[in-house]
Amino acid sequence: MATRAVWVNPLLWVVAFLVVNALWSGVAQQEAPNEVNTESQFETFREVDIAPFLNSDESMPARLTVSFGSSTVDEANVSYTLRFNNETVVASWGGLLSEAPPQWSGFLEPGTYVMETQIEEGVTVEQHIWIQPFAPFQIYGHGLLSILLIAISFLEQGLRRLAQRAGKDKSSEPETSPFKGIQQGMPDVMMPEGEDVIWREPLR
């Protein structure tokens, strides 16, 4: 059986390290949508709760998308204001229906937010808050996964050495045969040990 090159095993662990960390990086950047207002469900004052992830008070990366539209009017005044705990203004914009509101992005800490939206008759609005709940734990996740992979690699090497050592010990033991040769009569006949054998001359 051909033995595997020495450099193959370390290379496989490096590839596993890169793949696992790349997957975790992708997971940490995933966004969870929080619906604020839609065309079919609209309230001038909409309350949005940003729940803490794993009981952490860390602020999470977030972005706010807002779009106004209408199929009945060509122009109207529109505006929105997002407040934290109904006090601190987080994002605000006001303008005309024909203008595209800028997209806000930043960090939101867990808590209660209130979105105040002012639109005229015949205008609809779509508002969503996108949160990255895993982002505050991205560095910790990379560290934990790296430590686990290193620990597993050392464990795998240790088990491999134990298996090789056990195989060598087993191969070095002398093999014993349960049969012994008969010294008299027919020398090539092998009989089980412990059994008395009486050789008799054939009758003539």
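**Notebook: a predicted chain, looked up piece by piece**

I began with Thr-38, which sits in the loop between β1 (32–37) and β2 (45–50). I note at once that this is a predicted model, and I read every value below as computed from it. I looked up the accessibility of Thr-38 and found 9% relative accessible area, so this residue counts as buried. Setting aside its neighbours within four places in sequence, I found Thr-38 in contact with Val-125 and Glu-126.

**Overall layout**

I then stepped back to the protein chain, whose secondary structure comes to two helices and ten strands. Reading along the sequence, I wrote down the pattern α-β-β-β-β-β-β-β-β-α-β-β. Of the 204 residues of the protein chain, 27% count as buried. I also looked up the contacts with a separation of 6 or more, and 72% of these come from residues 24 or more positions apart. The exposed area of the protein chain is about 14700 Å², and carbon and sulfur atoms supply 57% of it.

**Helix α1**

For helix α1 (residues 8–28) I noted 21 residues and a reach of 30 Å from the first C-alpha to the last, which is close to the 30 Å expected at 1.5 Å a residue. Its buried residues are Val-8, Asn-9, Asn-21, Trp-24, Ser-25 and Ala-28. On the surface I found a nonpolar patch formed by Trp-7, Leu-11, Val-15, Val-19 and Leu-23, with about 520 Å² of accessible area together. I checked one of its members, Leu-11, which is found in helix α1 and is partly exposed at a relative accessible area of 43%.

**Aromatic pairs**

I next searched for ring pairs, and the structure holds two. In one of them, the rings of Phe-68 and Trp-93 have their centres 6.3 Å apart and their planes at 25°, and because planes under 30 degrees apart count as stacked, I entered this pair as stacked. The pair links distant parts of the chain, with Phe-68 in strand β3 (residues 60–69) and Trp-93 in strand β5 (residues 88–96), 25 residues apart. Both Phe-68 and Trp-93 are buried.

The rings of Phe-84 and Tyr-113 have their centres 4.8 Å apart and their planes at 40°, so I entered that pair as tilted. Here too distant parts of the chain are linked, since Phe-84 is in strand β4 (residues 77–84) and Tyr-113 in strand β7 (residues 111–118), 29 residues apart. Phe-84 counts as buried at 15% relative accessibility, and Tyr-113 counts as buried at 2%.

**Salt bridges**

Side chains of opposite charge can pair when their charged atoms come close. I counted three salt bridges.

- Arg-63 forms a salt bridge with Glu-31, the closest N and O atoms being 2.8 Å apart. Arg-63 lies in strand β3 and Glu-31 in the loop between α1 and β1, so the pair ties together parts 32 residues apart in sequence. I found Arg-63 partly exposed at 22% and Glu-31 partly exposed at 30%.
- Glu-43 and Arg-46 meet through their side chains at 3.6 Å, N to O. Glu-43 counts as partly exposed at 40% relative accessibility, whereas Arg-46 counts as buried at 18%.
- Arg-83 and Glu-116 meet at 2.8 Å, N to O, and this pair links strand β4, which holds Arg-83, to strand β7, which holds Glu-116, 33 residues apart. Arg-83 counts as partly exposed at 22% relative accessibility, and Glu-116 counts as buried at 18%.

How values were computed:
Residues are numbered from 1 along each chain as its sequence is written. This is a predicted model: local features need pLDDT of at least 70, side-chain atom pairs count only at pLDDT 80 or more; totals for chains, interfaces and linings use all residues. Side-chain values use heavy atoms; hydrogens and water are left out. Helices (H or I, at least four residues) and strands (E, at least two) are DSSP runs, numbered from the N terminus. The expected span of a helix is 1.5 Å times one less than its number of residues. Buried means under 20% relative accessible area, exposed over 50%, partly exposed in between (1.4 Å probe, protein chains only). Rings of Phe, Tyr and Trp (its six-membered ring) pair if their centres lie within 6.5 Å; planes under 30 degrees apart count as stacked, over 60 as edge-to-face and the rest as tilted. Contact means heavy atoms within 4.5 Å. Accessible areas come from the Shrake-Rupley method with a 1.4 Å probe; for residues, only the protein chains shown count as cover. Patches are made of residues with over 30% relative accessible area and no salt bridge: like charges are joined within 9 Å, nonpolar side chains (Val, Leu, Ile, Met, Phe, Trp, Tyr) within 5 Å. A salt bridge is a side-chain nitrogen of Lys or Arg within 4 Å of a carboxyl oxygen of Asp or Glu.
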